[in-house]
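Dear colleague,

I am passing on to you the structure that follows, together with some notes on what was found in it. Please look through the sequence and the model first, and then read on.

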Amino acid sequence: MVEGWADHAGGRHHGAHRGLAARRLGTDPGYFLDFSANINPLGTPPVALRAARAALEEETRQYPDPGYPELREALAGYLGVPPGRVLPTNGGAEALFLAARLSGGGAALILEPTFSEYAAAARAAGLECRRRVAWRPEGDRFVLDPAALDDLSGVGLVFLCNPNNPTGGALSREEVLEVAERVRKAGAVLVVDEAFADFAPGSGVASETGAGLAAARSLTKFFALPGLRLGCLVSPETGRLAALQPAWPVNAVAAAAGAAAISDAQFAARTLREVARLRRELFESLSELPGIAPFAGAANFLLVRGPAGLPQRLARRGVLVRGCAPFMGLGPEYFRVAVRRAEENAALVQALREEL
């Protein structure tokens, strides 16, 4: 049986479940072409790999500087904020867990369907979770329904993913700031998860953070560094939140690789061009398949609607996609696919064609 492999870790649903799928099917993880994890198809910037190797050789026997001054300066310059507002974290997930502590009390509102870690972060902070379906299909894309924010009574914190995972919908910077103002007027804090914001220039609000608005960033997706676990939280309250972290939350190799990665402007420009092209081509190819309806997205993945059971059938063919049945507001007919290299995307389309 392969059904349900994504429903694990206490209701925290993630892609990148190649190892679990392999165990369920009794095969090797290398058997799979994995579309369940959304990582830059161009791979890790070479400059980041060189920096990581150098740090591994030169800094392994030393403790990192607990203040991470070089990394904070690099991240601050990249995001256009003062270094004092940047708190390096062990991946974007830690940034979200710290951000949940910004609430002065009340419930955490989660705008579904969206990333499952928000609920986990809220519970860890002792907050009640309120979940509302806010991202709804409109034509060939998902959009945020502003009515989901009409009643914020008793809400102390709102999580917004932009671009949203798994729907791919995105708000402009101006639209996010409008949401932030509504949340602020209700006496709550808006936490914007910008894990995919690098793929959607013009959507990020890290430079606008202040009272009532924080941004969580990740270097996992755009810079293909998931194994190094590096992110940051942008907030005027980094001093208070840093006290909640363990000592040295970021290792020296991750710090060096991250600072190098965000310095490579050519890599970023090439990524934007290539991912936009690959995403468009994959969307068009999927649209031609009978019974398959892809939704336009702003990041490096696409949400797709098709016959229920496709994720399980594709897995038996060695192709992993992210089944979206666990997401509130979606169902077993939805799945998410990463945008990969052209030949890999063609293999996905062919596997789908043979299963339809």
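Which residue in strand 4 is the bridge partner of Leu 109? The partner is Arg 130, and this pairing belongs to a wider arrangement in which strand 3, residues 107-112, and strand 4, residues 128-133, run parallel and are joined by six bridges. Between these two strands the chain passes through helix 5, which covers residues 117-124, and the β-α-β crossover made in this way is right-handed.

Before you go further, please keep in mind that this is a predicted model. The mean pLDDT of the chain is 93, with 91% of its residues reaching 70 or more, but over residues 1-12 the pLDDT stays under 50, and for that stretch the model has 31 contacts beyond four places in sequence.

The search for enclosed space gave a count of one cavity of 30 Å³ or more, and the volume of the largest cavity is about 40 Å³. Its lining is made up of Leu 75, Tyr 78, Leu 79, Asp 198, Arg 217, Ser 218, Leu 219 and Cys 232. Two elements, helix 3 (69-79) and strand 9 (213-218), each give two or more residues to the lining of the largest cavity, and helix 3 provides the largest share, with three residues. Sorted by class, the residues lining the largest cavity are five nonpolar, one polar and two charged.

With best wishes

Methods. Residues are numbered from 1 along each chain as its sequence is written. This is a predicted model: local features need pLDDT of at least 70, side-chain atom pairs count only at pLDDT 80 or more; totals for chains, interfaces and linings use all residues. Side-chain values use heavy atoms; hydrogens and water are left out. Two strands pair if DSSP finds at least two bridges between them. Helices (H or I, at least four residues) and strands (E, at least two) are DSSP runs, numbered from the N terminus. A crossover is right-handed if, with the strands pointing away from the viewer, the path from the first strand over the helix to the second runs clockwise. On a 1 Å grid over the protein atoms alone, a cavity is a set of points where a 1.4 Å probe fits but cannot get out, and a pocket is an open set with protein on both sides within 12 Å along at least five of seven lines; lining residues have an atom within 4 Å of a point. Grid points are joined across faces, edges and corners, and a volume is the space filled by probe spheres set on the points. Ala, Val, Leu, Ile, Met, Phe, Trp, Tyr, Cys and Pro count as nonpolar, Asp, Glu, Lys and Arg as charged, and the others, Gly among them, as polar. pLDDT is the predictor's confidence in each residue, from 0 to 100. Contact means heavy atoms within 4.5 Å.
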